Amino acid sequence: MKRRQWLLTLSFLLLMIFPVNGWSDTETGNLETSDSPTETQITTDAPACTDDGLLPPKTTWIKRMSDPERWDRLQKRMSVGISGAAERVDRFFGDERLEDDNHGTRLKLGLGLRYHKEDKASLVTDIKARVALPSLEDRFHLVLDDSFESDEPGDTGIYSDALKDSEPDTALRYIISRKEDRRVNADLGLRLSSPSQVFGRLRGRYTLPWFLWELQLTQTFYWYTDDGFIETSKMRWSRKIGPDWLLRFTSSLTWEDKEEGWRPSQAITLFKELTTRRGYYFQLYGSWPESPHTREALYRTEFTYRQLIHGKWLFFEISPGIEFPQKTDYEVTPYIQFTVSVVFDENL
C-alpha cells in the first residue's frame, strides 16, 4: 500500500514539473465541469497533423530543457528574488549604499556608545542628510555628511570640542542617471576642515543579476584642493540562501594621492532575517593599508543584532566584536557598541 501511494505521489510531481504537452499551463488544455456534479470532462487542443496526415512527434524533455527562453524566464525570476532580498537587507541594516542611491529626502542620525579595549569608552555620532529639491524633478539634492567621536561620553565639554573638530562635508548633488540597475551622481561641495577644502565627487553604480547571484559594481572618484585625488573601486556579490539568509562578499580597493600604495579590504557577511523588525549578521573583515608594504593591517570579526523598536524610523543595534590589529602584533582586542538610529526616508 505504501509503495502504491509513493508511486502515485511521484507521478503527480512529475506531471506538475513536466506537463503533458510542455512547460506552459496553456499547453495542457482546459478543465471543464459538466452540469452533473459527479462528471468531469477534460478537453485538450488536438495537435495539428502534418501534410502526410501523421501526428507530429512529441516534444521530449531534453528539448524542453534545452529551450533558452525557458532558462531566461527562470533566470529572471531568480534574479528578481535575489535583488529584492538584497534591497530589503540593505534597507533594514542601513547599508551605506542607500545614502548614494536615494531618490528622495533621507535623514539618518546615529548615536552610539562604544567601548574598546585600547581606546576605552567613547561616544560616536553619525549624521547623514539628503534633501531632494522637488522643483527640479528630484535630480538635485543637498548633501550633509558628518561623523565624529568624543572620548568622554559623560563630559559635554569634550563632546562640544569633538563636534568643533569634526570635518563635515556639505555639497550639492546632481543625479546624472537613475535607473533600476544603474546610478550616476556628481557632487560639488565644501569640506569644513582646517583649512577648508573644495571637493568634487563622481560615483557610478551598476547592478547585474547573474543567475543565483547579484553583482554590484561601484566606482567613485574624489578630488580635494589639498588632499588631491582619491579613487575607490568596489565589487559586491550577494546570494540568497534559503528563505531568510543572505550571503555577501564585498571587495574594495582604494588609492589616495597623498598615501603610499593601495588600501584593499575584504568582507564576508552572512545576514539573517528573523522577522520584518529583527535581524542579525556575522561578518569577517580585513584591510591592508599601504599595500604591498602594509604596517597597519587590521582583521575583525563582528556580530550585529538590529531591531526596529518604533514605527519605521527608530532602530536599536548592538555590535560586539574582536579586532586583531597589526600595530599591536595582532593582539586580541575586544570591543562592543550600542547604537540608536533615527532614519527618515520618504521612499519607505
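Strand 7, residues 182-191, has two faces: R183, N185, D187, G189 and R191 sit on the covered one, while R182, V184, A186, L188 and L190 sit on the uncovered one. This is a predicted model, so keep that in mind throughout. As a rule, side chains in a regular strand alternate between the two faces of the sheet.

**Neighbours of strand 7**

Strand 7 has a partner on either side in the list of pairings. With strand 6 (residues 169-178), strand 7 runs antiparallel and shares nine bridges. One place to look is A171, whose bridge partner in strand 7 is G189. G189 is also one of the residues on the covered face. To get from strand 6 to strand 7, the chain goes through a hairpin of three residues.

The other pairing is with strand 8, residues 197-210, again antiparallel, and here there are ten bridges. A186, from the uncovered face of strand 7, stands opposite L202 in strand 8. The hairpin that links strand 7 to strand 8 has five residues.

**Strands 3, 4 and 5**

Earlier in the chain there is another run of paired strands. Strand 3 (residues 106-116) and strand 4 (residues 120-132) are antiparallel and are joined by eleven bridges. Just three residues lie between them in the hairpin they form. If you want a marker for this pairing, try R106, which has R130 in strand 4 as its bridge partner. Strand 4 also pairs with strand 5 (residues 140-150), antiparallel once more, over ten bridges. There, I127 stands opposite D146 in strand 5.

Here are the pairings side by side:

| Strands | Direction | Bridges |
|---|---|---|
| strand 3 and strand 4 | antiparallel | eleven bridges |
| strand 4 and strand 5 | antiparallel | ten bridges |
| strand 6 and strand 7 | antiparallel | nine bridges |
| strand 7 and strand 8 | antiparallel | ten bridges |

**E99 and its arginines and lysines**

E99 belongs to helix 4, which covers residues 98-101. Is E99 buried or exposed? Its relative accessibility is 4%, so E99 counts as buried; the cut-off for that is under 20%. Leaving out residues up to four places away in sequence, E99 touches R106, K108, K128, R130 and R173. With R106 there is also a polar contact from side chain to side chain, at 3.3 Å. R106 and R130, both on that list of contacts, are the bridge partners from strands 3 and 4 mentioned above.

**A nonpolar patch on the surface**

Back at strand 7, L188 and L190 from the uncovered face help make a nonpolar surface patch of about 810 Å². The other members are L192, V198, W223, F229, L253, W255 and W262. Which elements give two or more residues to this patch? Strand 7 does, and so does strand 11 (245-256). W262 sits in strand 12, residues 262-273. With 39% relative accessibility, W262 counts as partly exposed, because that class lies between 20% and 50%.

**The chain as a whole**

Zooming out, the chain contains five helices and 16 strands. Of its 348 residues, 32% are buried. Among contacts with a separation of 6 or more, 45% are between residues 24 or more positions apart. The accessible surface adds up to about 21,900 Å², and carbon and sulfur atoms account for 60% of that.

Terms used:
Residues numbered from 1 in each chain as written. Predicted model: local features only at pLDDT ≥ 70, side-chain atom pairs only at ≥ 80, totals over all residues. Heavy atoms only, no water. Buried < 20%, exposed > 50% of the residue type's maximum accessible area, 1.4 Å probe, protein only. Helix = DSSP H or I, 4+ residues; strand = E, 2+ residues; numbered from the N terminus. Pairing = 2+ DSSP bridges. Contact = heavy atoms within 4.5 Å. Areas by Shrake-Rupley, 256 points an atom, 1.4 Å probe, with all protein chains shown as cover. Polar contact = N/O pair within 3.5 Å; in protein donor to acceptor, adjacent residues only side chain to side chain. Patch = residues over 30% accessible without salt bridge, like charges linked within 9 Å, V, L, I, M, F, W, Y side chains within 5 Å. Salt bridge = Lys/Arg side-chain N within 4 Å of Asp/Glu carboxyl O.
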